[in-house]
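Reader: I have just opened this one and would like a guided look. Could you take me through it slowly?

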Amino acid sequence: MGTERSAVTVIGLGQMGSALAATLLERGHPTTVWNRSAHKARALAERGARLAATPGEAVAASPLVIVCVLDYDALYATLDPVAGDLAGRSLVNLTSGSPEQAQEVAEWARSHSVDYLDGAIMTTPPGVGSPETMFLYSGSRTVLEAHRPTLAALGDPLHLGAEPGLASLYDAALLGLMWSTLTGWLHGTALVGAEKIQATAFTPVAIRWLSAVTGFLTTYAAQVDAGRYPGDDATVDVQIATIDHLLHAAATRGLDNALPELLKATMERTRDAGHGSDSYASVIEVLRKREAGA
Ligand code: NAP
C-alpha cells in the first residue's frame, strides 16, 4: 500500500499497445501515451493516461519507454527523430520483427546511448496482465531488472539472453509451433466434424492428447540434443504406415489433405535418409538439411 509505481511511456496504441497501456494504468503506473492517430488515446485518457502531444514529449516523460507499433519502419519513423531525447533512458521494444531487425535496433540504440531490451508478447490483447502470459525478453538484463515490477505487470518476463535477437527468434519458433498445432487440430476437427461431431465435443479429448504430446517433446528434446534417436517407442517406419489411416479417413470424407501429405512426405524423406528405425525426433535431420540447402 502506498508504494509509488514507476512512470512509464507507451508509444503505439493499436490493439496491443492500448492493452499494454490500460494494464499499466490499472496497476497504478503513471502512464504517458502517444499514438500517430491521436483519437486512439482518448479511452486511455479517460482512465488517467497522460497524453503526449509529440513522440519527443512522450519519451521525455518517463525513464522507461515501451514501444509497440506495427513494424520496424513504424518504429524508426517514430523514434529516430527523438533519439536524442531517448538517450539515458530504457527502451523496451515489443514490436514484432525478425532477430536481425532486433539486432539492428539494438545497434541503433547503443549508438544513441539508449539502454535497449527487445521483447515478444506471447498472447493476444486480452491476455496482457495475466501472470500466466509469457513476455519474452532479450538484450540488456539490467533494463529488465531495473524495471521488473513495471514489466511484470504485463505478464511473466522471461529473459532469454544478452543477444537482442533471441526474443524474436523464439517468437518465430513458437508461432510456427502454434500454427502447426492449430492447423492439425482444425484438420482433426474437420475429420470428426464430417461425422457430425461438434468441435466442442472433440476438443477436450484433443487437449488431453496434447498433454501426452508434450511428454513426447520432452523425451525427443533430449534425443535432438544428443543427436541420437533410438526408435524404442515408435519408429519413423511405423508412423509412415499409421499416417495412411489419417489420409484415407480424411480423403474418404472429402477433406483437404495437404497437411498430412506434407507430413508423410517429410517422414518418407527421413526414412530415405536412413532413419526408418529411428524415433520421430530424427525428422529434425531432414529439416536441418533443407534449411542449409535453401
Ligand atoms: P495495430 O492494432 O494494427 O496497431 C498498429 C500500431 O502501429 C498503431 O498504433 C499504428 O498507429 C502504429 N503505426 C503503424 N504504422 C505507423 C507509422 N508509420 N508510424 C507510426 N505509427 C505507426 O497492431 P497491434 O495488434 O497493436 O500490433 C502491434 C505490434 O504488436 C505488432 O508488431 C504485432 O505483431 C505485435 N503483436 C500483436 C499481437 C496481437 O495479438 N495483436 C500479439 C503479439 C504481438 P495508427 O493508430 O496511427 O495507425
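Author: We can begin with the ligand, then turn to the sheet, and end with the backbone of two loops. Please keep in mind throughout that this is a predicted model.

Reader: Okay, which residues come nearest to the ligand?

Author: There are 21 residues around the ligand, and of these Met16, Asn35, Ser37, Lys40 and Ser96 come nearest.

Reader: And what lies 2.5 Å from an oxygen atom of the ligand?

Author: That is a polar side-chain atom of serine 37. In a similar way, serine 96 has a polar side-chain atom 2.8 Å from an oxygen atom of the ligand, whereas for valine 69 it is a backbone N or O atom that lies 3.1 Å from a ligand oxygen.

Reader: How much of the ligand's accessible area does the protein cover?

Author: On its own the ligand has 900 Å² of accessible area, and the protein covers 75% of that. As for where the ligand is placed, the space it takes is the second largest pocket.

Reader: Which elements give two or more residues to the shell around the ligand?

Author: Those are helix 1, covering residues 15-26, and helix 4, covering residues 72-79. Helix 1 gives the most to this shell, with three residues.

Reader: How do the shell residues divide into nonpolar, polar and charged?

Author: Eleven of the residues in the shell are polar, eight are nonpolar and two are charged.

Reader: Switching topic: in what order do the strands of the sheet run?

Author: The sheet is open and is formed by eight strands in the order 3-2-1-4-5-6-7-8, with mixed pairing. Strand 3 (50-51) and strand 8 (156-159) each have a single partner strand, so they stand at the edges and one side of each is left without a neighbour in the sheet.

Reader: How many bridges join strand 2 to strand 3?

Author: Two bridges join them, and strand 2, made up of residues 31-34, runs parallel to strand 3. If you look along this pair, you will find threonine 32 standing opposite arginine 50 in strand 3.

Reader: Last thing, the loops: where is serine 113 found?

Author: Serine 113 is in the loop between helix 6 (99-111) and strand 6 (115-121), and its phi is near 60 degrees, which is a positive value in a residue other than glycine.

Reader: And what is phi of lysine 196 near?

Author: Phi of lysine 196 is near 65 degrees, again a positive value in a residue other than glycine, and this lysine 196 has its place in the loop between helix 9 (166-193) and helix 10 (199-226).

Notes
Residues numbered from 1 in each chain as written. Predicted model: local features only at pLDDT ≥ 70, side-chain atom pairs only at ≥ 80, totals over all residues. Heavy atoms only, no water. Near = heavy atom within 4 Å. Polar contact = N/O pair within 3.5 Å; in protein donor to acceptor, adjacent residues only side chain to side chain. Areas by Shrake-Rupley, 256 points an atom, 1.4 Å probe, with all protein chains shown as cover. 1 Å grid on protein atoms, 1.4 Å probe; cavity = no way out; pocket = protein on both sides within 12 Å on 5 of 7 lines; lining within 4 Å. Sits in = over half its atoms within 2 Å of the grid points. Helix = DSSP H or I, 4+ residues; strand = E, 2+ residues; numbered from the N terminus. Nonpolar A, V, L, I, M, F, W, Y, C, P; charged D, E, K, R; others polar. Pairing = 2+ DSSP bridges.
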